[in-house]
2 protein chains.
Amino acid sequence: MTDKGPITYRDAGVDIEAATAALSRAKDHIRATFTPGCLSNVGSFGGLFELPVGDWRRPVLVSSTDGVGTKVKVAAAAGRHDTVGQDLVNHCVNDILVQGARPLFFLDYLGTDRVDGEVFEALVRGLSIACRENGCALIGGETAEMPGVYARGEYDLVGTIIGIVERDRILDGSRVRPGDRILGLPSTGLHTNGYSLARKILFEREGLAADTRLDELGGTVGDALLAVHRSYLGDLGPLLDADLVHAMAHITGGGLVDNVPRVLPEGCAARIERGVLPVPPIFRLLAERGPVPVKECDRAFNMGVGMVVIVAADDEAAALERLPDAARIGEVVAGDRAVELI
Amino acid sequence: MTDKGPITYRDAGVDIEAATAALSRAKDHIRATFTPGCLSNVGSFGGLFELPVGDWRRPVLVSSTDGVGTKVKVAAAAGRHDTVGQDLVNHCVNDILVQGARPLFFLDYLGTDRVDGEVFEALVRGLSIACRENGCALIGGETAEMPGVYARGEYDLVGTIIGIVERDRILDGSRVRPGDRILGLPSTGLHTNGYSLARKILFEREGLAADTRLDELGGTVGDALLAVHRSYLGDLGPLLDADLVHAMAHITGGGLVDNVPRVLPEGCAARIERGVLPVPPIFRLLAERGPVPVKECDRAFNMGVGMVVIVAADDEAAALERLPDAARIGEVVAGDRAVELI
């Protein structure tokens, strides 16, 4: 570019007014998530949340930041952007739930090549739906147009959740003992992990498209890949209230093999059986079409188990009674913090 | 790609082990930021921070999430990645400071095409330096490799800060009155705004490089552009303690024109004089080389004013005494929440 006329911010690919207009349309979704602690309006410098300190003896804030990986590329391929917002919130809710915490509020960051108002609104709508479902206020956010950093037409969606737990109710795995039962809760699909591999297999190698219908999936590839990451708060909150939980592990990148050890204390290991819970058809498809070796599947995918709950053997029946679609998938044994998948 | 051999996660461009190794090297930096509230180790599912509730009557959490814009591309051009981490933390510290809050903890997210261990470590080192300087724990983070979402070799760095303020000490602009003085605190340069425009002018139009030395800058283009975003916590914390502040505005995207109105109540406007504080040479260079019209400079850049503090006329002397490099740049007048730059 050699033109030497006056230059504006918009010439450089940044359109503040377009971003402001998109934010305005999304405000209604955001306000619908507000809970009693929220003090601020949309658009102030920082989000304000008053802590209900009277309700807590020794409150500990539990926070986590994450994205949804290249699931955003599947969303783009399918032209459907509301579900990834739900994925992100539910993922973060689960990440702090495993330490015993309930969500207070959430902040999002959208980084993109160029803000598309409709995509932005769909993303915020999805974030808001999941925030409402989890009783979590969408208290802040930021949108950044970064031409050249993001590939053309691409975006990344990042979320941060802040939750709270009573200090003496923090779950850190220290209650886990050999003989404890390992329960699995079903995932809806890939949740938010393994998408780079899945896209490579299905879109690049197999030449499938998001709207390709496959009998073995009972629907389209896009629908199967975009199945919403499940929040386990509704199921596991009552279990926490009943003090039935020794530990929980959110099965994300690294699968059962890498995530379960994070809550195993010294002297404990886990023996877990594959395929006790129904394996969603998308995993069988990926394993076959890759082909992806079994041990690689174990690390790249959750293979149908989205959350693991460890309970005392004596509490197994009481826990399973409260968890209609859970099953015992293994048990804690003596060992060195490893997971044996059988 | 038509090869049908077995496929692994690494084949799809995701190398979990490389990311884990990079995280391991960064852990020492992170641990050095820990403050007494921190309960968790690096690498647990969520970050744990115990609130010192006994110290607070009605604590309000103030949070903000942000990035550093395409300053990351300047960092890449200069091959120097530690300063953008500092930029990000200081930016977020300022964003909640203007509501009266002090930082508690921080979480970062690095999204990238492919993790470069050295870059990652430099980023975390920068984050950690600034977290320590601001008494803020780096309590959590996430690294995501997203080939195809991020352009080749590019990354985005996102941060979320959580701070705290007593409810009756929240600054929301309601104390501002006509006649109040508007003080400006110097910026170090662009801080984290206007980089897409600056890069377009200096790198694309003018063909300069990060290591080009210019007499008017007294150094290289890269050094001027990478000047670290200043944290105003050290200067303004004591002013808050002394209850001398009616309002503060962090001058980010949109400049004085868009940011000062965010803290003006109904019935108030601002008259601010340009150029009272020294204008860093980088702004004159950008304005001349663009050329960038004055009114566009007002919105795209901070033009040397990184933070605005509004104080009662009677408190002006006491405030300026505590702020060695600040100056009165304007005053609050009767009006409709507009900023007149003269």
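Okay, let's start with the sheet in chain A: six strands, open, in the order β9-β11-β6-β12-β10-β13, and the pairing is mixed. Now, which strands stand at the edges? Those are β9, residues 247-250, and β13, residues 339-341, of chain A. Each has a single partner strand, so one side of each is left without a neighbour in the sheet. As you go from one strand to the next, the twist averages 25°. Oh, and before I go on: this is a predicted model, so please keep that in mind throughout.

Let's stay at the β13 edge for a second. Its partner there is β10 of chain A, residues 268-272; the two run parallel, and 3 bridges join them. If you want a pair to click on, take A:R271, whose bridge partner in β13(A) is A:E340.

Next, the helices that go with this sheet. Helix α3 of chain A, residues 82-97, lies across β9 and β11, the latter being residues 305-311. Against β9(A), helix α3 runs at about 150°. Then there's helix α7 of chain A, residues 233-241, which also packs on the sheet. What does α7 touch? It touches β6 (181-186), β9 and β11 of chain A, and its direction makes about 10° with that of β11(A).

Right, on to the two chains together. Chain B puts 88 residues into the contact, and chain A puts in 88 residues too. How much area is buried between chain B and chain A? About 7100 Å², with carbon and sulfur atoms giving 60% of that.

On the polar side, we've got 4 salt bridges between chain B and chain A. One of them pairs A:E50 with B:R58, and the closest N and O atoms are 2.8 Å apart. There are also 20 residue pairs in polar contact across the interface, counting pairs with both residues at pLDDT 80 or more.

So what does chain B's side look like? The element that gives the most is strand β2 of chain B, residues 59-67, with 9 residues. By class, that side of chain B has 41 nonpolar, 23 polar and 24 charged residues.

And β2(B) has a pairing across the chains as well. Strand β1 of chain A, residues 47-50, is joined to β2(B) by 4 bridges, and these two run antiparallel. Here we meet A:E50 again: its bridge partner in β2(B) is B:V60, while its salt bridge goes to B:R58.

Notes
Residues numbered from 1 in each chain as written. Chains lettered and ligands numbered in written order. Predicted model: local features only at pLDDT ≥ 70, side-chain atom pairs only at ≥ 80, totals over all residues. Heavy atoms only, no water. Pairing = 2+ DSSP bridges. Axes fitted to C-alpha atoms, helices over the stretch in contact; angles between N-to-C directions. Contact = heavy atoms within 4.5 Å. Buried area = accessible area lost by both parts, 1.4 Å probe. Salt bridge = Lys/Arg side-chain N within 4 Å of Asp/Glu carboxyl O. Polar contact = N/O pair within 3.5 Å; in protein donor to acceptor, adjacent residues only side chain to side chain. Nonpolar A, V, L, I, M, F, W, Y, C, P; charged D, E, K, R; others polar.
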